[in-house]
Amino acid sequence: RISLPVGVYKALNILYRKELADAWITLPNANPMFAGAAPLHYVKQGGIPALLRVRQLLDARRGGR
């Protein structure tokens, strides 16, 4: 389970500059998965399955694992 938040952190830091990578999880997001809410809200509501989906989304954006 620890690999999920570590993977999210890693993917964010690959995709975005440090400031945005650090803030991304708390910012409102237009992706339909988040319905305009912050990814953190989505994860809090959905638990580990939601965290896994966020990691998969970010991994896909960066082109793989």
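These legends walk through several views of one predicted model, from the whole chain to single residues.

**View 1. The whole protein chain is a run of three helices.** Let's start with the overall picture of this predicted model. The protein chain holds three helices and zero strands, and its pattern along the sequence reads α-α-α. With a radius of gyration of 11 Å, close to the 11 Å from the globule rule for 65 residues, the protein chain is as compact as a globular protein of that length. Its C-alpha atoms fill a box of roughly 25 × 25 × 20 Å along the principal axes.

**View 2. Confidence along the protein chain.** How far can you trust what you see here? The average pLDDT of the protein chain is 95, and 97% of the residues score at least 70. Helix α3, covering residues 39-61, has the highest confidence, with a mean of 97. Helix α1, covering residues 3-15, has the lowest, at a mean of 95. A general caution for any such model: coordinates should not be read in detail where pLDDT is low.

**View 3. Surface and interior of the protein chain.** Of the 65 residues, 34% count as buried. The protein chain exposes about 4,200 Å², and 60% of that area comes from carbon and sulfur atoms. Taking contacts between residues at least 6 apart in sequence, 44% join residues at least 24 apart.

**View 4. Trp24 meets Phe34, edge-to-face.** There are two aromatic pairs in this model, and this close-up shows one of them, Trp24 with Phe34. The ring centres are 6.0 Å apart, and the planes stand at 80 degrees to each other. The partners lie ten residues apart, and both Trp24 and Phe34 sit in the loop between α2 and α3. Are these two residues buried or exposed? Trp24 is buried because its relative accessible area of 6% falls under the 20% cut-off. Phe34 is buried as well, at 3% relative accessibility.

**View 5. Phe34 also pairs with Tyr42.** Staying with Phe34, we find an edge-to-face pair with Tyr42: 5.3 Å from centre to centre, with 85 degrees between the planes. Tyr42 is buried too, with a relative accessible area of 16%. Put the two views together and you have one aromatic cluster, made of Trp24, Phe34 and Tyr42.

**View 6. Asn29 and its contacts.** Where along the chain is Asn29 found? It lies in the loop between α2 and α3. Asn29 is buried, at 11% relative accessible area. Setting aside neighbours within four places in sequence, Asn29 is in contact with Trp24 and Phe34, and also with Ala35, Gly36, Ala37 and Pro39. You have already met two of these partners, Trp24 and Phe34, in the aromatic cluster.

**View 7. Gln45 on helix α3.** For a contrast with buried Asn29, turn to Gln45, which is found in helix α3. Gln45 is exposed: its relative accessible area is 62%, and the cut-off for exposed is over 50%. How far apart in space are Gln45 and Gln56, C-alpha to C-alpha? The distance is 17 Å, for two residues that are eleven residues apart in sequence.

Technical notes: Residues are numbered from 1 along each chain as its sequence is written. This is a predicted model: local features need pLDDT of at least 70, side-chain atom pairs count only at pLDDT 80 or more; totals for chains, interfaces and linings use all residues. Side-chain values use heavy atoms; hydrogens and water are left out. pLDDT is the predictor's confidence in each residue, from 0 to 100. Helices (H or I, at least four residues) and strands (E, at least two) are DSSP runs, numbered from the N terminus. The radius of gyration is taken over C-alpha atoms; the globule rule is 2.2 Å times the number of residues to the power 0.38. Buried means under 20% relative accessible area, exposed over 50%, partly exposed in between (1.4 Å probe, protein chains only). Contact means heavy atoms within 4.5 Å. Accessible areas come from the Shrake-Rupley method with a 1.4 Å probe; for residues, only the protein chains shown count as cover. Rings of Phe, Tyr and Trp (its six-membered ring) pair if their centres lie within 6.5 Å; planes under 30 degrees apart count as stacked, over 60 as edge-to-face and the rest as tilted.
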